[in-house]
Amino acid sequence: MHTVQRLCTRCRKRPAAYLRASSGEALCRQCFIKSIEDKVLRTIRDYELVRSGDNIGLAVSGGKDSLVLLHIISKFIRKKILRDVKVQVFTIDEELEYSKHKLERQSVIRKMCEEAGLSYNVYKISELLGISVEEVYNRIRQQGENIHMCTICGVLRRKAMNELAKRLNLTKIMTAHNLDDEAQTVLLNVFSNDLKRFKWFGVETGEDVESFVPRVKPMRFIREEEIALYAYFTGIPMLERECPYVRENPRYFLKFLLAELERKNPNIKYMIVSFGDSLSRLLQETEYFRRKVSLRRCRICGSPTTSEICRACDLVMKAGLLDKYVLANTSGER
Ligand SMILES: [Zn+2]
Ligand SMILES: [Zn+2]
């Protein structure tokens, strides 16, 4: 973090504690905290991410980003800036060795929720879907297929959230994606030549591929580094331990690439995300694209998908666990 011997450019009273390279501002601790909260609120208001009567599921993994989001949303609720909405905080437990560490955060999350009068629950993937991430991973690996744990974990976590949304009648799921995550997503889509994924790129995704419930991301215009600094300034405990599979994740490399690019252009992440948003809007308006990437229903579970079978069902099928999984799903409320 930059420490500068100068006054805050906003209040002109207190010493600056952070130099925001993207705007050239020098900010004191208080003005910095306010700038982050204002940005989240502006994003919520400008994009109408929260509407009266919403039943929002707030996904909290226990990582710093999600704790910061919970902290800010709780504050908005306490101050009645957010009203007439129901917020249900939840953690999806992937039941991996690493999840145990994440779940150590439960008491911190629970305390934050209690203070804001929010409900908090932990849901195991195996309870929601009838199968576990680990058994799908092991079985697919046993068949000699080289698949990343992060792919399986991501797809099944997403599926589990959809299942949960149905059970809790959620109108949307709020996630803590930040500017870095979103810039990485744009680059991943480009590098994998996957234009169709831009159709579901944005601050709010509509009926998404493989999801019935819109996802809203009020922190997607905030750089990861500033979220970490917000956590530090507000005393949110950061006991980050990296996911053991992080190096397998294609996003890992992009982190360094983006940091390198940012040294030359402090606004590069914002520009990449903004480009992704423009492209997304353009694609939505294109008739050819609408037809090409029209959604169908998964033959197995009925989720929206661009293929015959959604990614989650495809993975479960590859693992030979379909019976167990379908059984668990059909015995649910549907
Ligand atoms: Zn200030
Ligand atoms: Zn499916």
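Two residues are in contact here if their C-beta atoms, placed from the backbone, lie within 7 Å. By that criterion, and leaving aside neighbours within four places in sequence, Ile-152 is in contact with Val-133, Val-136, Tyr-137, Ile-147 and Leu-315. The model is predicted. The protein is divided into domain 1 (1-39) and domain 2 (47-330). The points below cover the core, the domains, the sheet and selected helices.

**Nonpolar core**

- The largest nonpolar core has 73 residues, and the members that touch the most others are Leu-58, Val-136, Ile-152, Leu-156 and Val-316.
- Nine residues of this core come from helix α7 (residues 149-168), which gives the most to it.
- Because domain 1 (1-39) and domain 2 (47-330) both give residues to this core, it lies between them.

**Domains**

- Taken over C-alpha atoms, the centres of domain 1 and domain 2 are separated by 30 Å.
- Domain 1 puts 10 residues into the contact, and domain 2 puts in 10 residues.
- On the side of domain 1 that touches domain 2, α1 supplies the largest share, with six residues.

**Sheet**

- Six strands make up an open sheet with mixed pairing, in the order β5-β4-β3-β6-β8-β7.
- At the edges are β5 (119-124) and β7 (204-205), each of which pairs on one side only.
- Five bridges join β3 and β4, which pair in the parallel sense.
- Across this pairing, Asn-55 stands opposite Lys-86 in β4, Ile-56 has Val-87 as its bridge partner, and Gly-57 has Gln-88.
- Helix α4 packs on the sheet, where it touches β4 and β5, and its direction makes about 150° with that of β5.
- Helix α7 lies across β3, β4, β5 and β6 (172-174), and runs at about 145° to β4.
- Four of the five residues of β3 are buried, which leaves this strand mostly covered.
- In β4, six of the eight residues are buried, so this strand is largely enclosed by the rest of the structure.

**Helix α2**

- Helix α2 (residues 64-78) has 15 residues, which at 1.5 Å a residue should span 21 Å; its end C-alpha atoms are 21 Å apart, in agreement with that value.
- The helix is mostly covered, with 11 of its 15 residues buried.
- The buried residues of α2 are Lys-64, Asp-65, Ser-66, Leu-67, Val-68, Leu-69, Leu-70, Ile-72, Ile-73, Ser-74 and Phe-76.
- These buried residues pack against three helices and two strands by name: α1 (29-46), α4 (106-116), α9 (224-234), β3 (55-59) and β4 (86-93).
- Lys-80, just after α2, takes a positive phi of about 60°.

**Helix α8**

- The 13 residues of helix α8 (residues 179-191) should span 18 Å at 1.5 Å a residue, and this agrees with the 18 Å between its end C-alpha atoms.
- Buried in α8 are Leu-179, Asp-180, Asp-181, Glu-182, Ala-183, Gln-184, Thr-185 and Val-186.
- The partners of these buried residues are α9, α10 (250-264) and α11 (268-284), against which they pack.
- Asn-193, just after α8, takes a positive phi of about 50°.

**Asn-138**

- Asn-138 lies in helix α6 (residues 133-142).
- Asn-138 has 13 other C-beta atoms within 10 Å; a residue counts as exposed at 12 or fewer and as buried at 20 or more, so Asn-138 is partly exposed.
- Although their positions lie 181 residues apart along the chain, the C-alpha atoms of Asn-138 and Ala-319 are separated by 8.2 Å.

Conventions
Residues numbered from 1 in each chain as written. Chains lettered and ligands numbered in written order. Predicted model: local features only at pLDDT ≥ 70, side-chain atom pairs only at ≥ 80, totals over all residues. Core = buried A, V, L, I, M, F, W, Y, C linked by C-beta atoms within 7 Å. Domains from an automatic or database assignment. Expected span 1.5 Å × (residues − 1). Pairing = 2+ DSSP bridges. Axes fitted to C-alpha atoms, helices over the stretch in contact; angles between N-to-C directions.
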